[in-house]
Amino acid sequence: MIAVESLRKTYGDFPAVVGSTFAVDRGEIFGVVGPNGAGKTTTLKMIAGLVDPTAGSATVAGFDASDPEMRRSLGFLPEESPLYEDMTARSYLHFFADLYDVPDDVATERIEDTLDRLELDHRDRRLGDVSKGMKRKVAIARSLVNDPDVLIYDEPASGLDPLTTNYVLEFVRELSDAGKTVLFSAHNLYHVESVCDRVAIMNQGEIVARGTVPEIREEYGTTDYRVFTSVALDDTEPAGDRYAVTVESMADVEEVRDRVTARGGEVVDIRTREPSLEEIFLELAETTGTGPRGES
Ligand code: ATP
């Protein structure tokens with residue numbers, strides 16, 4: 001549904017995006033994460049046909065990003081989406097449905113259905129007078145007026161409270177369950193981890209890791225083992241009525257076992273702790289440097 005090949009954007013001689021390549025399949029949720037200035041917005045805008053790439057190509061639903069026909073298959077949510085403050089949610093969405101030549105009766109049904117699913121009240125209140133969360137929901141509803149197959153959302157939950165954030169992310173999941181393809185960028189790695197099928201981690205304009213979260217974990221993360229023992233060792237700490245030490249490999253676990261046995265005790269429990277995407281991300285940002293202009 002989305003195919004990106006060696007996509008590159010240079011501003012002057014500054015490389016904002018360096019040769020991104022990835023594909024997003026139908027019905028998939030693909031997350032692009034990275035620190036400020038990593039190149040996420042530039043990548044998304046190139047795919048949405050809003051920024052011309054310096055090199056490489058992007059296609060959406062089989063159309064080149066520069067092909068105006070592509071827009072019919074795409075719903076784009078910009079990071080900042082100022083709305084027409086004097087319009088109401090309903091009138092604003094009908095205005096956009098008109099721009100897409102959606103027949104009135106279809107538009108009414110689609111808009112009311114989307115607003116129901118987003119649980120948006122106050123549909124006839126002036127947009128200048130509604131909350132930030134509601135504005136974001138209206139912007140999301142706007143991305144759906146043309147019933148596109150592909151959605152590109154730049155920081156959909158940015159600046160929202162935790163409840164509304166969860167709401168938006170659950171809605172993204174519903175869209176994908178309904179067969180939509182979703183590409184979105186985010187800062188909050190926890191949410192990306194919980195909602196995305198696959199993830200690309202960007203840093204300094206480059207994709208530094210890509211795959212499902214378990215794949216990324218396997219390639220870039222180290223699993224910790226928390227070993228609980230019945231007797232104290234030099235490196236254990238008290239843990240309730242027993243002792244515990246954290247080690248990084250199974251060989252280390254066996255070494256702890258040997259030492260415990262030598263003291264007449266035993267290993268009573270071993271728990272594995274997988275690194276979160278956040279920990280991997282921080283590690284990768286450290287090894288590759290953060291922010292091309294030191295923005296983060
Ligand atoms: P954020 O998380 O802060 O939104 P981002 O990952 O989306 O960051 P981009 O907005 O894509 O990053 O910017 C990538 C780099 O390109 C930044 O260093 C930015 O300053 C630079 N950049 C973006 N747009 C332009 C422009 N129009 N002219 C010059 N430089 C730009």
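Val 32 of strand S3 has its bridge partner in S9, at Ala 200. The model is predicted. Strand S3 covers residues 29–33 and strand S9 residues 198–203. The two strands pair in the parallel sense, over four bridges. They belong to an open sheet of six strands. Its order is S6-S7-S8-S3-S9-S10, and its pairing is mixed. The edges are strand S6 (74–77) and strand S10 (206–211), each of which pairs on one side only. Averaged over the sheet, neighbouring strands are turned by 15° against each other, direction ignored. Helix H7, residues 213–220, packs on this sheet. The helix touches S9 and S10, and its direction makes about 110° with that of S10.

On its other pairing, S9 meets S10 in the antiparallel sense, over five bridges. Ile 201 has Ala 209 as its bridge partner in S10. S9 and S10 form a hairpin with two residues between them. In the turn, Gln 204 has a positive phi of about 50°. S9 thus takes part in two kinds of pairing: parallel with S3 and antiparallel with S10.A second open sheet holds four strands, in the order S2-S1-S4-S5. Here the pairing is antiparallel. S2 and strand S5 (63–64) are the edge strands, and each pairs on one side only. Two bridges join S5 to strand S4, residues 55–60. Within that pair, Val 60 stands opposite Phe 63 in S5. Helix H1 packs on the sheet and touches strand S1 (2–11), S2 and S4. The direction of H1 makes about 120° with that of S1.

S1 pairs with both of its neighbours in the antiparallel sense. With S4 there are five bridges, and Val 4 stands opposite Ala 58. With S2 there are seven bridges. Tyr 11 of S1 stands opposite Phe 14 in S2. The hairpin of S1 and S2 has two residues between the strands. Gly 12 in this hairpin takes a positive phi near 60°. In general, side chains of a regular strand alternate between the two faces of the sheet.

The ligand has 15 residues around it. Asn 36, Gly 37, Lys 40, Thr 41 and Thr 42 come nearest. Strand S2 (14–24) and helix H1 (40–47) each supply at least two residues of the shell. H1 gives the largest share, three residues. By class, the shell has five nonpolar, six polar and four charged residues. S2 and H1 therefore appear in two settings, since H1 packs on the four-stranded sheet with S2 among the strands it touches, and both elements also contribute to the shell around the ligand.Polar contacts of the ligand involve both side-chain and backbone atoms of the protein. At Asn 36, an N or O atom of the side chain is 2.9 Å from a ligand oxygen. At Ala 38, a polar backbone atom is 3.0 Å from an oxygen of the ligand. At Gly 39, the corresponding distance from a polar backbone atom to a ligand oxygen is 2.9 Å. Taken alone, the ligand exposes 630 Å², and the protein buries 70% of that area.

How values were computed. Residues are numbered from 1 along each chain as its sequence is written. This is a predicted model: local features need pLDDT of at least 70, side-chain atom pairs count only at pLDDT 80 or more; totals for chains, interfaces and linings use all residues. Side-chain values use heavy atoms; hydrogens and water are left out. Two strands pair if DSSP finds at least two bridges between them. Axes are lines fitted to C-alpha atoms, for helices over the stretch in contact, and angles run from 0 to 180 degrees between N-to-C directions. Contact means heavy atoms within 4.5 Å. A residue is near a molecule or strand if one of its heavy atoms lies within 4 Å of it. A polar contact is a pair of N or O atoms within 3.5 Å; within protein, one must be able to donate a hydrogen and the other to accept it, and residues adjacent in sequence count only if both atoms are side-chain atoms. Accessible areas come from the Shrake-Rupley method with a 1.4 Å probe; for residues, only the protein chains shown count as cover. Ala, Val, Leu, Ile, Met, Phe, Trp, Tyr, Cys and Pro count as nonpolar, Asp, Glu, Lys and Arg as charged, and the others, Gly among them, as polar.
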